[in-house]
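Work through the exercises below with the model open beside you. Try each task before reading its solution.

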Amino acid sequence: MTNLDLYAKAEHLLGIEEATEALYDLYRSELDDKDVKTLLDVGCGRGGFMQRMISDGIKCKGIDLSSDMVNACKSQGLDAQCIDIADATGSYDAIVSIFDVLNFMDKDALLSFLESISKRLNDDGVFIADINTLYGFSDVAEGTMSKDTEDEFLCVEAEFLNNELHTFFTLFVKNEDESFTKYHDKIVQYFHKIQIFQKLSGLKLVEKQTFSLYDEKDKTLLIFKKK
Ligand SMILES: C[S@@+](CC[C@H](N)C(=O)[O-])C[C@H]1O[C@@H](n2cnc3c(N)ncnc32)[C@H](O)[C@@H]1O
């Protein structure tokens, strides 16, 4: 199992449903006044945002590097693929990467990711993504939490050092014979300065809004147009 598949297995225990819904509302309102007929959701997770946009009549496709996430999308009849954006085809009026997806990449990976995004946008297309602010990493994301249910126990320990958030996930899942299987892995998230996004060859940063998702000014929404 990859570390992203472990995240997929643990996500429902993290208590992020309300924040996720708030982000979906924000993205939807940003896309509302744009003429969007086709949308690519990169890092689509379980496909919650695509479900919303499909109900607005928009043709959606999702990609994610976690096969567990992609399978969850497919089980709801959504069009999703477990591929890297570099291998994606087609072109879209809008592309979104919702809830920290850009923070999952270091700077080099991020720059090639953004280059691939620009290749998948139609002329005049828009790319919207959010990133954690320094405050979001150091004061909101850092720390420990645990959650247990009858069949699962999750412990998350996150440490922010040198602009990297190292999050250790330990998940115990009860088997049919009452024994437990333990999964343990680490996800690294990277803080990105806004300046990185202002010097891209294929995308122009047209708007940035810092907002509060969990706490004061913990996230920045970035809106790009294809150059
Ligand atoms: C915090 S989750 C957000 C999921 C979804 N966007 C949502 O709002 O529910 C981040 C997702 O990004 C995916 N991911 C991380 N790096 C990625 C990459 N380079 N390309 C595609 N997906 C990626 C993870 O597997 C995970 O599903």
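The exercises that follow concern a predicted model, and they cover its ligand site, salt bridges, cysteines and one loop residue.

**Exercise 1. The ligand site**

Find which residues come nearest to the ligand, and describe the polar contacts that its nitrogen atoms make with the backbone.

Solution.
- Step 1: The ligand has 16 residues around it, and those that come nearest are Tyr24, Gly43, Asp64, Ile98 and Phe99.
- Step 2: Sort the shell by residue type. Eleven of its residues are nonpolar, three are polar and two are charged.
- Step 3: Look for backbone partners of ligand nitrogen. At glycine 43, a polar backbone atom is 2.7 Å from a nitrogen atom of the ligand. At isoleucine 98, the distance from a polar backbone atom to a ligand nitrogen is 2.8 Å. At leucine 65, a backbone N or O atom lies 3.5 Å from a nitrogen atom of the ligand.
- Step 4: Consider the surface. The ligand taken alone exposes 600 Å², of which the protein buries 94%.

**Exercise 2. A salt bridge between two helices**

Determine which parts of the chain are tied together by the salt bridge of aspartate 25 and arginine 52.

Solution.
- Step 1: Recall the principle. Side chains of opposite charge can pair when their charged atoms come close.
- Step 2: Check the distance. The side chains of aspartate 25 and arginine 52 meet with N to O at 2.7 Å, and the cut-off for a salt bridge is 4 Å.
- Step 3: Place the partners. Aspartate 25 belongs to helix H2 (residues 17–32) and arginine 52 to helix H3 (residues 48–55), so their pairing ties together parts 27 residues apart in sequence.
- Step 4: Compare their exposure. Aspartate 25 is partly exposed, at a relative accessible area of 42%, whereas arginine 52 is buried, at 16%.

**Exercise 3. Other salt bridges**

State how many salt bridges the whole structure holds, and describe the pairs made by lysine 34 and lysine 37.

Solution.
- Step 1: The search of the whole structure gives ten salt bridges.
- Step 2: Lysine 34 pairs with aspartate 33, with 3.4 Å between the closest N and O atoms. Aspartate 33 is exposed, with 65% relative accessibility, while lysine 34 is partly exposed, with 25%.
- Step 3: Salt bridges with shared partners also join Glu21, Asp25 and Arg52 into one network.
- Step 4: Lysine 37 pairs with aspartate 35, and their closest N and O atoms are 3.2 Å apart. Both of these residues are exposed.

**Exercise 4. The cysteines**

Explain why cysteine 82 forms no bond with the closest cysteine sulfur, and examine cysteine 60 as well.

Solution.
- Step 1: A disulfide is a covalent bond between the sulfur atoms of two cysteines. The cut-off used here is 2.5 Å between the sulfur atoms.
- Step 2: The closest cysteine sulfur to that of cysteine 82 is in cysteine 44, and because the separation is 9.1 Å, it is too far for a bond. Cysteine 82 is partly exposed, at 37%.
- Step 3: The whole structure has zero disulfides. Cysteine 60 is in none, and its nearest cysteine sulfur, in cysteine 44, is 10 Å away. Cysteine 60 is buried, with a relative accessible area of 9%.

**Exercise 5. A loop residue**

Locate threonine 133 and find the backbone atom that its side chain contacts.

Solution.
- Step 1: Threonine 133 sits in the loop between strand E5 (121–132) and helix H6 (134–141).
- Step 2: Threonine 133 is buried, at 13% relative accessible area.
- Step 3: A polar atom of the threonine 133 side chain lies 2.9 Å from the backbone nitrogen of glycine 136.

Conventions:
Residues are numbered from 1 along each chain as its sequence is written. This is a predicted model: local features need pLDDT of at least 70, side-chain atom pairs count only at pLDDT 80 or more; totals for chains, interfaces and linings use all residues. Side-chain values use heavy atoms; hydrogens and water are left out. A residue is near a molecule or strand if one of its heavy atoms lies within 4 Å of it. A polar contact is a pair of N or O atoms within 3.5 Å; within protein, one must be able to donate a hydrogen and the other to accept it, and residues adjacent in sequence count only if both atoms are side-chain atoms. Accessible areas come from the Shrake-Rupley method with a 1.4 Å probe; for residues, only the protein chains shown count as cover. Ala, Val, Leu, Ile, Met, Phe, Trp, Tyr, Cys and Pro count as nonpolar, Asp, Glu, Lys and Arg as charged, and the others, Gly among them, as polar. Helices (H or I, at least four residues) and strands (E, at least two) are DSSP runs, numbered from the N terminus. Buried means under 20% relative accessible area, exposed over 50%, partly exposed in between (1.4 Å probe, protein chains only).
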